[in-house]
Amino acid sequence: GFEETSALMTSAERPTAIIAGGIEMLPGVVRALRARGMTIPGDVSVVAAMNTDLTDLFEPPLSVEDWDYAEVGRIAANLALQRIAGGGGVAEPRRVLVPTRFLMRESCAALPR
């Protein structure tokens, strides 16, 4: 997260928002922004792709994409059971949509004028 964010923030077309694709990437993203003296959301908005206690403890609290972990478990279990019932052979790829919601917190703001 640190290396990629550093590269993005030194590019000619600097992004106005970053979505940290996993909770493991988030600390690197924030460190890279802070190392450049940038503020969240003053210079760049940040969204985390997983809701944890850490996202609420960041300063400012981070906006997140949230999902129900129990529902993800049910979906995975159903897929496994269907595969077992089908003989466990090679199955066609399937697309599964997990219900999500966006939790807007203080890490997102409109672009400065």
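**Aromatic pair, nonpolar core and helix packing in a predicted model**

A search of the whole structure returns one aromatic pair, where the rings of Phe, Tyr and Trp (its six-membered ring) pair if their centres lie within 6.5 Å, planes under 30 degrees apart counting as stacked, over 60 as edge-to-face and the rest as tilted. The pair is formed by W67 and Y69, which are arranged edge-to-face with 6.0 Å from centre to centre and 65 degrees between the planes. W67 is partly exposed at a relative accessible area of 23%, and Y69 is likewise counted as partly exposed at 40%; buried here means under 20% relative accessible area, exposed over 50% and partly exposed in between (1.4 Å probe, protein chains only).

The model is predicted, and local features need pLDDT of at least 70, side-chain atom pairs count only at pLDDT 80 or more, and totals for chains, interfaces and linings use all residues. Residues are numbered from 1 along each chain as its sequence is written, while side-chain values use heavy atoms, with hydrogens and water left out.

The largest nonpolar core (a set of buried Ala, Val, Leu, Ile, Met, Phe, Trp, Tyr and Cys residues joined through side-chain atoms within 4.5 Å) holds 17 residues, of which M9, I18, L26, L33 and V46 touch the most other members. Two or more residues of this core are given by each of β1 (17-20), α2 (26-35) and β2 (45-48), the elements being DSSP runs numbered from the N terminus, with helices (H or I) of at least four residues and strands (E) of at least two. Helix α2 supplies the largest share, four residues. In soluble globular proteins, nonpolar side chains tend to be buried together.

Within α2, the buried residues are L26, G28, V29, V30, A32 and L33, and the elements that cover them include α1, β1, β2 and α3. For L26, once neighbours within four places in sequence are set aside, the contacts (heavy atoms within 4.5 Å) are with A20, V46, A48, T55, F58 and L62.

Helix α1 (residues 2-9) packs against α2 at an angle of about 40 degrees, the axes being 7 Å apart; axes are lines fitted to C-alpha atoms, for helices over the stretch in contact, and angles run from 0 to 180 degrees between N-to-C directions. The two helices α1 and α2 are therefore oblique to each other, given that angles under 35 degrees count as roughly parallel, over 145 as roughly antiparallel, 65 to 115 as roughly perpendicular and the rest as oblique. The crossing of α1 and α2 is right-handed, a term that applies if the near helix is turned clockwise from the far one by less than a right angle, whereas an anticlockwise turn is left-handed. On the α1 side F2, T5, S6 and M9 take part, and they meet G28, V29, R31, A32, L33 and A35 of α2. T5 is buried at 3% relative accessibility, and, apart from neighbours within four places in sequence, T5 is in contact with I18, V29, A32 and L33. A35 of α2, by contrast, is exposed, with a relative accessible area of 55%.

Backbone geometry was also examined. Just after α2, G37 takes a positive phi of about 70 degrees. A cis peptide bond with omega of about 0 degrees joins I40 and P41, and P41 lies in the loop between α2 and β2. The peptide bond from E59 to P60 is cis as well, with omega near 0 degrees, P60 being found in the loop between α3 (53-57) and β3 (63-67). Most residues other than glycine have a negative phi, and most peptide bonds are trans.
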